[in-house]
Amino acid sequence: MRHYHDLPLWVRLPLYAFVALALAMMVLPLAAALPISLNVDPWFVYPFREFSLRWFEALLSPRWTGAIVNSVLIAVATTLLATGLGTLAAIGLANPRFPFRNLVMVLGLAPLIVPVVVLALGLYIFFGQLSLNYTFIGVVIAHTLLASPFVVITVTATLTRFDFTLMRAAASLGAGRVFAFRTVMLPVIAPGVGAGAILAFAASFDEVVMMLFISGPQQQTVPKLMYLGMRENINPTIIAAAVVTIAFTSVLMAATYRLNRGK
Amino acid sequence: MIGAPKEVHVSLSGVLKTYDGQHYVVRDLDLEVYKGEFLTLLGPSGSGKTTTLMMLAGFEHPTDGAILLDGRPVHNIPPEKRNFGVVFQSYALFPHMTVAENVGYSLRVRGTAKDETARRVAGTLEAMRLSDFAQRYPTALSGGQQQRVALARALVFEPDLVLMDEPLGALDKRLREELQLEIRSIAERFGLTVIYVTHDQEEALTMSDRIAVFNNGYIQQIGPAEEIYSRPVNRFVAGFVGDNNGLDATVTSVEGDLAQARLRGGAEVVARTTSHTRAGAPATISIRPELIVPLKEARPGALSGTVSNVVYTGDQLRIYATLPGGDEVVVKRPTSATDVPTEIGAPVHLYWDPTSAWALDGQ
């Protein structure tokens, strides 16, 4: 087998350059924006007159801490609901005898394709009838709709490698379906479920469009405040909030990576 | 087994299985399995043997018919309530559990006390020579060790019946032969009733008390290994179990339990009659290669032909002879045998005892 390292240098150098460019495109915008959170002045300009943590301190105001708590509560509830529903859906859809399997799969993944504004508008009208607008439950349902497809995708990918004979083996050993699911299938597909849960959490934690339609003034979340902040009095607090969000999500990702690798 | 009173343990009666209502995977299956018996379901893929095993395990439901355990119907009982041990070809060991946890799973399901579980798992692992591997994960074991773990897991809860679906299919030949003997001796030691599925006729002959030969969803023949091999009831069984010569012929006359038949080349042979034998009807004359004596000199009752090929396989010589009608006959002789024509093109005279050949169903 030929290895990448066997390639001559004149082939490898352009490849390195291409990869570096691709990575730069992903990282540079962050590198440009995030340091602004350390600028003492309330403007988005370089160079800095002085470094300061004042925008991070501003995050400790009740307005922002309340939003952070709300964001976490909504994201946790969404994650639990989306992970449960998405996992069950993926298991059902893994059965080749599932009726109209492809159609149901497409419908289940539709929230990834349909513009969120359209979904949000539809939900807003629908929730109006059910009095779910401006409620915690309404927001969680809306976010679950957006987050579940991520779980369906990651769990489906894991299930393609799952040996369903294991479930037969468990049954032959006396395990009922629920017991076999809990003790055999779930531990084996846990990496896929975990990855789906993280994506679901991130999808909810970052979400702003649904929030603008469904949530009321008492439900401020971090992304919503950032968005409103952009329109009203723009200052580096929103960048500081972004730094905190990115750090938090990175820690989550690293934790699951270590969990999966430790198995 | 021989001489013991035969008590029916499992029986299938009138079992049918179809997925689409038109094609039957298993048809009109009647089968009785005795207590303590090692029964092998042998057949090519698609013959219905695996489907039959899956219906016994409860993973498939018969379209019609009944499956009884000690006279009680079990075909409506879900697999987890049947108390049957199942060993799968892919082993199906739980990858996230150690060997001891895998083996103890059935006891954990049943809520057995911790120390009792530990004791029984340790005992079973010891019987399977797996004690050193108790804390390992299945991926750290060889194929043969994994299959022994699968067997231990299927035995620890003292199942009423043990079902094995081609358990040695993924192993190499030497290991397979070793495990055949091991499984056989464990079955005897534990007094197990085993239903074993394989497509390997040698494996079936080595291990079984009785063999049921499957083809096209029917049991073609069921009986002890020796009977299946030396008294096949039709062309399929004769060809599938062991090496065999099947010569197309037409029955010319029947006298008692012997029939006279004419081969394509015109030569006349004598063979024992079967239920298929009718004067004037086509037949397949079936004779095992090791029952033919190849002679250099002609003698009455011997078929004349020429040596077309000779193959040396270490313990035996295979002599291929062509008959005047174009039929090819293979003869097996021990390598030590002398007086055997081995020159290609040389005349050879093939003689066998008429009672060791059978006139089976014709083409």
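Which residue stands opposite B:Leu41 in E9(B)? The exercises below begin with this pairing and then move through both chains of the predicted model.

**Exercise 1. Find the partner of B:Leu41 and place its strand in a sheet of chain B.**

Step 1. Strand E3 (residues 38-42) of chain B pairs in the parallel sense with strand E9 (residues 210-215) of chain B, and the two are joined over 4 bridges. Within this pair, the residue opposite B:Leu41 is B:Ala212 in E9(B).

Step 2. Both strands belong to an open sheet of chain B with 6 strands, whose order is E6-E7-E8-E3-E9-E10 and whose pairing is mixed. The edges are taken by strand E6 (84-87) and strand E10 (218-224) of chain B, and because each has a single partner strand, one side of each is left without a neighbour in the sheet.

Step 3. On average, and with direction ignored, neighbouring strands of this sheet are turned by 15° against each other.

**Exercise 2. Describe the sheet of chain B that contains E17(B), and follow its pairings.**

Step 1. This is an open sheet of 5 strands in the order E15-E19-E16-E17-E18 (chain B), and its pairing is antiparallel. Strand E15 (293-295) and E18 of chain B stand at the edges with a single partner strand each, so one side of each has no neighbour in the sheet. Here the average turn between neighbouring strands, direction ignored, is 45°.

Step 2. Strand E17 (residues 316-322) of chain B runs antiparallel to strand E18 (residues 328-334) of chain B, with 7 bridges between them. One of the bridge partnerships links B:Ile319 to B:Val331 in E18(B). E17(B) and E18(B) form a hairpin with 5 residues between them, and B:Gly326 in the turn has a positive phi of about 100°.

Step 3. Elsewhere in the sheet, strand E16 (residues 303-312) of chain B and strand E19 (residues 347-351) of chain B run antiparallel and are joined by 4 bridges. In this pair, B:Ser304 stands opposite B:His349 in E19(B).

**Exercise 3. State how the domains of chain B are assigned and how far apart their centres lie.**

Step 1. The domain assignment of chain B gives domain 1 as residues 8-230 and domain 2 as residues 243-361.

Step 2. Between the C-alpha centres of domain 1 of chain B and domain 2 of chain B there is a separation of 39 Å.

**Exercise 4. Summarise the architecture of chain A, then decide whether A:Ala110 is buried or exposed.**

Step 1. Chain A has 11 helices and 0 strands. Its C-alpha atoms fill a box of roughly 70 × 65 × 30 Å along the principal axes, and 33% of its 263 residues count as buried. Of the contacts in chain A between residues at least 6 apart in sequence, 77% join residues that are at least 24 apart.

Step 2. A:Ala110 lies in helix H4 (residues 101-113) of chain A. A residue counts as exposed if 12 or fewer other C-beta atoms lie within 10 Å of its own; A:Ala110 has 12 such atoms within 10 Å, and it is therefore exposed.

Step 3. The C-alpha atoms of A:Ala110 and A:Pro149 are separated by 8.0 Å, although these residues are 39 apart along the chain.

**Exercise 5. Work out which part of chain A gives the most to the contact with chain B, and describe its surroundings.**

Step 1. The contact takes 15 residues from chain A and 18 residues from chain B. On the side of chain A that touches chain B, helix H7 (165-172) and helix H8 (177-205) of chain A each supply at least two residues. H7(A) gives the most, with 6 residues, and the residues of this side divide into 9 nonpolar, 4 polar and 2 charged.

Step 2. H7(A) is mostly covered, since 6 of its 8 residues are buried; among them are A:Leu166, A:Arg168 and A:Ser172. What covers these buried residues includes H8 of chain A, together with helix H1 (49-57) and E6 of chain B. Just after H7(A), A:Gly174 takes a positive phi of about 105°.

**Exercise 6. Judge the confidence scores of the model.**

Step 1. The model scores ipTM 0.85 and pTM 0.83. Chain A averages a pLDDT of 89, with 97% of the residues scoring at least 70, while chain B averages 91, with 99% of the residues at or above that score.

Step 2. Among the elements of chain A, H7(A) has the highest mean pLDDT (96), and helix H11 (residues 237-262) of chain A has the lowest (79).

Conventions: Residues are numbered from 1 along each chain as its sequence is written. Chains are lettered from A and ligands numbered from 1 in the order in which they are written. This is a predicted model: local features need pLDDT of at least 70, side-chain atom pairs count only at pLDDT 80 or more; totals for chains, interfaces and linings use all residues. pLDDT is the predictor's confidence in each residue, from 0 to 100. Two residues are in contact if their C-beta atoms, placed from the backbone, lie within 7 Å. Ala, Val, Leu, Ile, Met, Phe, Trp, Tyr, Cys and Pro count as nonpolar, Asp, Glu, Lys and Arg as charged, and the others, Gly among them, as polar. A residue is buried if 20 or more other C-beta atoms lie within 10 Å of its own, exposed if 12 or fewer, and partly exposed in between; C-beta atoms are placed from the backbone. Domain bounds come from an automatic or database domain assignment. Two strands pair if DSSP finds at least two bridges between them. Axes are lines fitted to C-alpha atoms, for helices over the stretch in contact, and angles run from 0 to 180 degrees between N-to-C directions.
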